[in-house]
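Dear colleague,

Please find below the structure that I agreed to pass on to you. My notes on its internal spaces, and on the parts of the chain around them, follow directly after it.

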Amino acid sequence: MARLVGTVVAVAVVVAALAASLHTASAAVSCSEVTSAVAPCLGYAMGSTSSPSASCCSGVRSLSSRASSTADRRAACSCLKSMTSRLGGGGASMSNAANIPSKCGVNVGVPISPNVDCSKIN
């Protein structure tokens with residue numbers, strides 16, 4: 001009987017750990033969330049406006065609050081890296097893009113650059 005209880009407890013611990021890891025993995029910020037959050041920043045990134053709009057800054061603040069874990073920040077980093085790589089060939093100012101968080105007074109914890117190593121983001 002003691003062996004059966006020990007086995008049941010061990011299985012319950014494994015199931016709980018698996019459920020927690022699945023919940024954490026699925027909680028990462030999606031690229032569609034990142035894209036939606038920073039889409040209003042495109043005018044500034046492309047150099048067509050002199051400063052980020054209020055909606056741009058609101059999106060960046062929203063992204064910052066959603067990217068609360070390392071997994072979230074790495075997911076957001078990968079999306080931003082991909083976006084800046086594509087936009088760089090389309091005339092985007094990488095310095096404008098990189099400066100969006102500071103211009104909005106937000107620390108997102110993720111550099112906006114096509115050259116960042118997202119695996120080093122904590």
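A search of the whole predicted model finds one cavity of 30 Å³ or more. A cavity here is a set of points on a 1 Å grid over the protein atoms alone where a 1.4 Å probe fits but cannot get out. Grid points are joined across faces, edges and corners, and a volume is the space filled by probe spheres set on the points. By that reckoning, the largest cavity holds about 40 Å³. Its lining (residues with an atom within 4 Å of a point) consists of Val38, Val60, Leu63, Leu80, Ile100, Pro101, Val108 and Ile112. The lining comprises eight nonpolar, no polar and no charged residues; Ala, Val, Leu, Ile, Met, Phe, Trp, Tyr, Cys and Pro count as nonpolar, Asp, Glu, Lys and Arg as charged, and the others, Gly among them, as polar. At least two lining residues come from each of α4 (54–66) and α6 (94–103).

Two points on the source apply throughout. Residues are numbered from 1 along each chain as its sequence is written, and side-chain values use heavy atoms, with hydrogens and water left out. As this is a predicted model, local features need pLDDT of at least 70 and side-chain atom pairs count only at pLDDT 80 or more, while totals for chains, interfaces and linings use all residues.

The largest pocket (an open set of grid points with protein on both sides within 12 Å along at least five of seven lines) contains about 220 Å³ of space. Of its 13 lining residues, Val38, Cys41, Leu42, Met83 and Leu87 lie nearest its centre. By class, 11 are nonpolar, two are polar and none is charged. The helices α2 (31–38), α3 (42–45), α5 (70–88) and α6 each provide at least two of the lining residues, and α5 gives the largest share, with four. Val38 is named both in the lining of the cavity and among the residues nearest the centre of the pocket.

As to the fold, the protein has six helices and zero strands. Helices (H or I, at least four residues) and strands (E, at least two) are DSSP runs, numbered from the N terminus. Buried residues, those under 20% relative accessible area (exposed is over 50%, partly exposed in between; 1.4 Å probe, protein chains only), make up 30% of the 122 residues.

Helix α6 merits a closer look. Asn96, Ala97, Ile100 and Pro101 are buried in α6. They lie on the same side of the helix because they cover an arc of only 150° around the axis, the arc being that of the directions from the helix axis to the C-beta atoms. Ser102 and Lys103, on the other side of α6, are exposed. The buried residues of α6 pack against α3 and α4, where contact means heavy atoms within 4.5 Å. Glycine 105, with a positive phi near 70°, follows α6.

Valine 108, one of the cavity-lining residues, lies in the segment after α6. Valine 108 counts as buried because its relative accessibility is 11%. Not counting residues up to four places away in sequence, valine 108 touches Val60, Ser64, Arg73 and Pro101. Its C-alpha atom is separated by 9.5 Å from that of serine 62, which is 46 residues away along the chain.

With kind regards
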